Amino acid sequence: MSEHKEKLLKKFKDKTAVIAVLGQGYVGLPLATVFGEAGFTVIGIDPDQQKVDSINEGKSYIEDVPTELVEKLVAEGKLSATTDFSKIKEVDAVSICVPTPLRKTGDPDLSFILTATEELKKHLYPGLAIVLESTTYPGTTRELVLDNLSQGSDLQVGEDFFLAFSPERVDPGREDWTTVNTPKVMGGITPNCSDVCAVWYEQALETVVKVTSTEVAEMTKLLENTFRMVNIGLVNELALMCNRLGVDVWEVIDAAATKPFGFMKFTPGPGLGGHCIPIDPLYLSWKLKSLNYTARFIELASEINTGMPRYVVNRLMEFLNDHAKSLNGSKILVLGVAYKPDIDDLRESPALDVISLLQEKKAEVSYHDPFIPQLRHETIELDSVPNLMDAISEADCVLIITDHTEYEYSDILKNANLVLDTRNAIGEKGRLNDKVELL
Ligand code: SAJ
């Protein structure tokens, strides 16, 4: 066995290893605290001085990470944070949890991975273990990270340093499946890399699932999120079909969901939001394009999902027209603008597209969202209405975009003139009420 592998395994098992986590966002901070709770000394590295200061003051800025935990770990000397990437030379292992967004052109933006890799290269030394967690296309760890690290270095991967990919599976706001108990896939460049990085993560996580390569691990994550995106696209198209057929798509889906096997329920909506599901699959289709292959399911689902905001606005126009009203000049109250219920995240939220389209059609648009007091996005400058029930009764039509749990849907139904419910949030009462239209 390589001497570096032997030394690292010992350090992981006796928790004397020092861990760096690059990127202290919704993946990196939870991971840092989990390693800290397992007994490791952890350094959170992030270019954002505010995040670094917050951690060192013992304060959490991530909903899933209790401030008390950060405070405890910092007080015990188990967790600290810095903007200084050179601290990498003081650690035994590095997890890279940096963003992988899309550029405006729709191409992957790998700049954060490249920056992290450049910093790692400066401080690469024998005995370092590295895990990339950021969602990316198959081949990134080998073609981008390893190639960059190996350039001009005589260190051998799998002997002198160890490199693996392990997709993050964090679902912000979820309490049943956490960083500790969600099974973690781990694929190394070499078997030694898989072994070393699996043993490292097994000290803190309940289940580590080793796979044979970084590409398998990268592709696993993309299958998980492409599965969701394509199935959401399917039920969105089903909503379009059922509308033409005059069939209640919600009743159809509920009935199909009574099948105890071979079916998984997804529900239609105003579009696909979030920083994972709408974006990750496009990393895959982009990579396949470079191999002269068109990922047709991904492209079609993306087309349908991105078309839903415009479909919602058209349905609203038809609904108002049925009540001798034009969208132009009508007061429309949008309920819920976060990308999914009970969180304050606006990223890729379809509500932003819906509101922009409504403003283009000269509707008088207002919104309410208990998690988002102010909406500042491109040309949108709105504040959440202060008095919900007054706003509901004054609106020509209430447009339910995000079905936050705290809304009293029976009160909304009672006070509203008209409701277009894109989430079937009102439920059975809504179906039976003439002033409610369902997507
Ligand atoms: N959506 C629908 N219909 C559905 C499900 C979702 O329209 O049936 C919409 C949501 O409104 C939202 C978007 O899709 O706008 C994404 O929703 P999501 O439930 O997939 O939530 P996310 O984006 O927070 O996805 C995360 C993912 N976690 C990671 O990628 C690490 C995903 O893998 C999780 O499965 C998902 O949470 C989850 O299960 O909640």
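# Aromatic rings, helices and loops

Me: Let's start with a loop residue: what is the relative accessibility of Asn387, and how does Asn387 count on that basis?
Reply: Happy to begin there, and please keep in mind that this is a predicted model. Asn387 sits in the loop between β12 (380-383) and α13 (388-394). Buried would need under 20% and exposed over 50%. With 38% relative accessibility, Asn387 counts as partly exposed.

Me: Which backbone nitrogens does the side chain of Asn387 reach?
Reply: There are two polar contacts to describe here. One runs from the side chain of Asn387 to the backbone nitrogen of Met389, at 3.2 Å. In the other, a polar atom of the Asn387 side chain lies 2.9 Å from a backbone nitrogen, that of Asp390. The residues that supply these nitrogens are thus Met389 and Asp390.

Me: How far apart in space are Asn387 and Asp344, C-alpha to C-alpha?
Reply: In sequence, 43 residues separate Asn387 and Asp344. From C-alpha to C-alpha, the distance in space between them is 19 Å.

Me: How many aromatic pairs are there, and what geometry do Phe35 and Phe40 have?
Reply: Searching the whole structure gives 9 aromatic pairs. In the pair of Phe35 and Phe40, the ring centres are 6.2 Å apart and the planes meet at 85°. Planes over 60 degrees apart count as edge-to-face, so the geometry of Phe35 and Phe40 is edge-to-face.

Me: Which parts of the chain does the pair of Phe35 and Tyr201 tie together?
Reply: Phe35 and Tyr201 also pair edge-to-face, with 5.2 Å from centre to centre and 90° between the planes. The two residues are 166 residues apart in sequence, so their pair ties together helix α2 (residues 28-37), which holds Phe35, and helix α7 (residues 191-202), which holds Tyr201.

Me: Are Phe35 and Tyr201 buried or exposed?
Reply: Buried means under 20% relative accessible area. Phe35 has 0% relative accessibility, and Tyr201 has 0% as well. On that basis, Phe35 counts as buried, and Tyr201 counts as buried.

Me: Which residues form the aromatic cluster that holds Phe35?
Reply: Phe35 and Phe40, both buried, belong to one aromatic cluster. Tyr201 is in this cluster too. The full list of members is Phe12, Phe35, Phe40, Trp200 and Tyr201.

Me: What surrounds Val21, and which of its contacts belongs to that cluster?
Reply: Val21 lies in strand β1 (residues 18-22) and counts as buried, at 0% relative accessibility. Leaving aside neighbours within four places in sequence, Val21 is in contact with Gly28, Ala32, Phe35, Val42, Ile43, Gly44, Ile45, Ser95 and Cys97. From this list, the aromatic cluster includes Phe35.

Me: How do helices α5 and α6 pack, and which hand does their crossing have?
Reply: Two packed helices are described by the angle between their axes and the distance between the axes. For α5 (residues 111-122) and α6 (residues 140-150), the angle is about 35° and the axes are 8 Å apart. Their crossing is right-handed.

Me: What is the make-up of the contact of α5 with α6 by class?
Reply: Helix α5 contributes Ile113, Leu114, Thr117, Glu118, Leu120 and Lys121, while helix α6 contributes Thr140, Leu144, Val145, Asn148 and Leu149. By class, this contact has 6 nonpolar, 3 polar and 2 charged residues.

Me: Is Lys287 buried or exposed, and what does Lys287 touch?
Reply: Lys287, in helix α10 (residues 280-289), has a relative accessible area of 14% and is buried. Setting aside neighbours within four places in sequence, the contacts of Lys287 are Tyr137, Pro138 and Glu143.

Me: Which helices do the buried residues of α10 pack against?
Reply: The buried residues of α10 are Asp280, Pro281, Tyr283, Leu284, Ser285 and Lys287. They pack against α6, α8 (214-245) and α11 (296-322).

Me: Where do Glu348 and Lys362 lie, and what are their phi values near?
Reply: Glu348 lies in the loop between β9 (331-335) and α12 (350-360), and is partly exposed at 45%. Lys362 is in the loop between α12 and β10 (364-368), and counts as exposed at 56% relative accessibility. Each has a positive phi in a residue other than glycine. Phi of Glu348 is near 60°, and phi of Lys362 is near 65°.

How values were computed: Residues are numbered from 1 along each chain as its sequence is written. This is a predicted model: local features need pLDDT of at least 70, side-chain atom pairs count only at pLDDT 80 or more; totals for chains, interfaces and linings use all residues. Side-chain values use heavy atoms; hydrogens and water are left out. Rings of Phe, Tyr and Trp (its six-membered ring) pair if their centres lie within 6.5 Å; planes under 30 degrees apart count as stacked, over 60 as edge-to-face and the rest as tilted. Buried means under 20% relative accessible area, exposed over 50%, partly exposed in between (1.4 Å probe, protein chains only). Helices (H or I, at least four residues) and strands (E, at least two) are DSSP runs, numbered from the N terminus. Axes are lines fitted to C-alpha atoms, for helices over the stretch in contact, and angles run from 0 to 180 degrees between N-to-C directions. A crossing is left-handed if the near helix is turned anticlockwise from the far one by less than a right angle, and right-handed if clockwise. Contact means heavy atoms within 4.5 Å. Ala, Val, Leu, Ile, Met, Phe, Trp, Tyr, Cys and Pro count as nonpolar, Asp, Glu, Lys and Arg as charged, and the others, Gly among them, as polar. A polar contact is a pair of N or O atoms within 3.5 Å; within protein, one must be able to donate a hydrogen and the other to accept it, and residues adjacent in sequence count only if both atoms are side-chain atoms.
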